[in-house]
Amino acid sequence: MNYRNPYNQVTGMHDPTMFFGRRSVTEEVLNSLVNKASSASISLIGQRNIGKTSLVLHLARLQTFLDSVFSTADANRLVFPLFNCQGHPDAFRSRQDFYSSLLKHFQNAPLGGEGSRTRSLPHVNPYAHSSTEEWRRLLRELQTAGLVLVNILDEFDHAVVQETLLKDHTFGSLRGFVDEFPNYSLITCTYRPLRELFLAAFTEYDIPEIVRQSESDFYGVAMPYPLDLLLESDALALISSPSEENGIHFFHEEVDVVMALGGLFPYFLQRACFHLFNKRTRLLHDPLHASGLRQSELDETAQEVLQ
C-alpha cells in the first residue's frame, strides 16, 4: 500500500484539510468583510512562514463562510483575487504597470466562492491605455452588480520598498480607491507593520515630504491583525489528524519530538511531520517498530529536519 504524505506542502495551504486553527481571526475578518457599512481593509502581520498566505486562501473558501455562520450568498458577494507581490517584479515599474498586473490577476484568478458563484464577473482589459481608470471602471461595475472586491496583496513588503511605486503615488491611489468605493477592501500580508515599512522606505529613498504625506495615508486604511503562533490544541491537531487520515498513527513519543522541533510554528511543525511520516511509512511493516520509532531513529529524524 502506498501512503500519501499529507505534509508535503509547507507554504500556502491550498488543501483545506491541512488548515488548522486561526478561528478567532477568521471570524473577525469575515465578520468585518461581510457586515461592513463601508470598506473594511485588513493588514495581516506576522513572521515569514507563520501562515499568512494559508489564512487568506482559507478566507476565500465557501466552506469557511458556512463554518462561520455565514451563507453561500454572503460568500458569493465577495471576490478574492490574490496577487503575490514577490512573484511579479514587472508590476513595480510604474503605477500603470501595478494596476495592469492587478487587472490580469482579477481576470485569471478570482478566488471567491470556490466554484459556487452563479454570476459572471466583469471583463477587464489589463492593457488599457490607462490601467488606473480601467481599475476604477471595474470597481464601478462590481458595485453596480452588488459585489465586493477583496484585493489580497500577499508579500506586500516587496511592493512597499519600491521607489518607483512610492514616487508614482501608487499607494495613495490605492487608498483613494478604498475611500471612493465602499465595495473595495484590501488585505495586505507583511512581516512588519505597514507604518514601519513605509517609514523605512521613505528614509531609504529620501522621499519628499509632500509625497510622504500622500503615501503615508495608505497605512491608516487597514486594521492591523498580528498573526501569532498556533494554539497548542491546534498544533497537536495539525500533527496527528492528517497522519491518521492517511493510515499512520504517530505515537506519544513521536508527537513530543515534533513539538520539541516545531513548537507552535506551523511551518516547522509541517517540516517535522513530513520527515517523521516518511520514516514511519518505510518501517511500517517491521514488527520491531510496532510501537513507533526507536530513540536513535527519532534523533535521526530530528537531524533531517534541522538540516
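1. Burial and overall build. Buried residues account for 50% of the 307 residues in the protein chain. The model is predicted. Its secondary structure comes to 15 helices and six strands. Along the principal axes, the C-alpha atoms fill a box of roughly 70 × 45 × 30 Å. Take the contacts in the protein chain with a separation of 6 or more: 77% of them join residues 24 or more positions apart.

2. The cores. The largest nonpolar core has 40 residues. Trp-135, Phe-156, Phe-171, Leu-174 and Tyr-184 have the most contacts inside this core. Several elements each supply at least two of its residues. The helices are H5 (95-108), H6 (131-144), H7 (157-160), H8 (163-167), H9 (170-180) and H10 (194-205). The strands are E4 (148-154) and E5 (184-190). A second core of 30 residues is separate from this one. Val-25, Leu-44, Leu-59 and Tyr-225 are among its members.

3. Asn-151. This residue lies in strand E4. Is Asn-151 buried or exposed? Asn-151 has a relative accessible area of 2%, so it counts as buried. Leaving aside neighbours within four places in sequence, Asn-151 is in contact with Pro-81, Leu-102 and Trp-135. Its contacts also include Tyr-184, Ser-185, Leu-186 and Ile-187. Two of these partners, Trp-135 and Tyr-184, also appear in the list of residues with the most contacts inside the largest nonpolar core.

4. Asp-97. Helix H5 holds Asp-97. The relative accessible area of Asp-97 is 23%, so the residue is partly exposed; the cut-off for buried is under 20%. Beyond four places in sequence, Asp-97 is in contact with Asp-90 and Ala-91. The C-alpha atoms of Asp-97 and Ser-130 are separated by 9.7 Å, with their positions 33 residues apart along the chain counted as the separation.

5. Positive phi values. Most residues other than glycine have a negative phi. Which residues depart from that here? Glu-155 has a phi near 50°, a positive value in a residue other than glycine. Glu-155 sits in the loop between E4 and H7. Asp-206 is not a glycine either, and its phi is positive at about 50°. Asp-206 is in the loop between H10 and helix H11 (209-216). With a relative accessible area of 62%, Asp-206 is exposed.

6. Helix H12, two residues in sequence. Asp-234 and Ala-235 are the points to check. Asp-234 is placed in helix H12 (residues 232-245). Its relative accessibility is 6%, so Asp-234 counts as buried. Not counting residues up to four places away in sequence, Asp-234 touches Phe-20, Gly-21, Arg-22 and Arg-23. Ala-235 is in H12 as well. Ala-235 is at 0% relative accessibility and counts as buried. Outside its neighbours within four places in sequence, Ala-235 is in contact with Leu-230, Met-259, Gly-263, Leu-264 and Leu-269. The C-alpha atoms of Ala-235 and Phe-265 are 8.0 Å apart, and the two residues are 30 residues apart along the chain.

7. H13 against H14. The axes of helix H13 (residues 252-262) and H14 come within 8 Å and cross at roughly 145°. The crossing is right-handed. From H13, the contact residues are Glu-254, Val-258, Met-259, Leu-261 and Gly-262. From H14, they are Phe-268, Leu-269, Ala-272, Cys-273, Leu-276 and Arg-280. By class, this contact has eight nonpolar, one polar and two charged residues. Met-259 of H13 and Leu-269 of H14 are also contacts of Ala-235.

8. H14 against H15. How do the axes of helix H14 (residues 266-282) and helix H15 (residues 295-306) cross? They come within 9 Å and cross at roughly 135°. That angle makes H14 oblique to H15. The crossing is right-handed. H14 contributes Arg-271, Ala-272, His-275, Leu-276 and Lys-279. H15 contributes Glu-297, Leu-298, Glu-300, Thr-301, Glu-304 and Val-305. By class, there are four nonpolar, two polar and five charged residues in the contact of H14 with H15.

9. H14 as a shared partner. Ala-272 and Leu-276 of H14 are listed in the contact with H13. Ala-272 and Leu-276 are listed in the contact with H15 too.

Note on methods
Residues are numbered from 1 along each chain as its sequence is written. This is a predicted model: local features need pLDDT of at least 70, side-chain atom pairs count only at pLDDT 80 or more; totals for chains, interfaces and linings use all residues. Side-chain values use heavy atoms; hydrogens and water are left out. A nonpolar core is a set of buried Ala, Val, Leu, Ile, Met, Phe, Trp, Tyr and Cys residues joined through side-chain atoms within 4.5 Å. Buried means under 20% relative accessible area, exposed over 50%, partly exposed in between (1.4 Å probe, protein chains only). Helices (H or I, at least four residues) and strands (E, at least two) are DSSP runs, numbered from the N terminus. Axes are lines fitted to C-alpha atoms, for helices over the stretch in contact, and angles run from 0 to 180 degrees between N-to-C directions. Angles under 35 degrees count as roughly parallel, over 145 as roughly antiparallel, 65 to 115 as roughly perpendicular and the rest as oblique. A crossing is left-handed if the near helix is turned anticlockwise from the far one by less than a right angle, and right-handed if clockwise. Contact means heavy atoms within 4.5 Å. Ala, Val, Leu, Ile, Met, Phe, Trp, Tyr, Cys and Pro count as nonpolar, Asp, Glu, Lys and Arg as charged, and the others, Gly among them, as polar.
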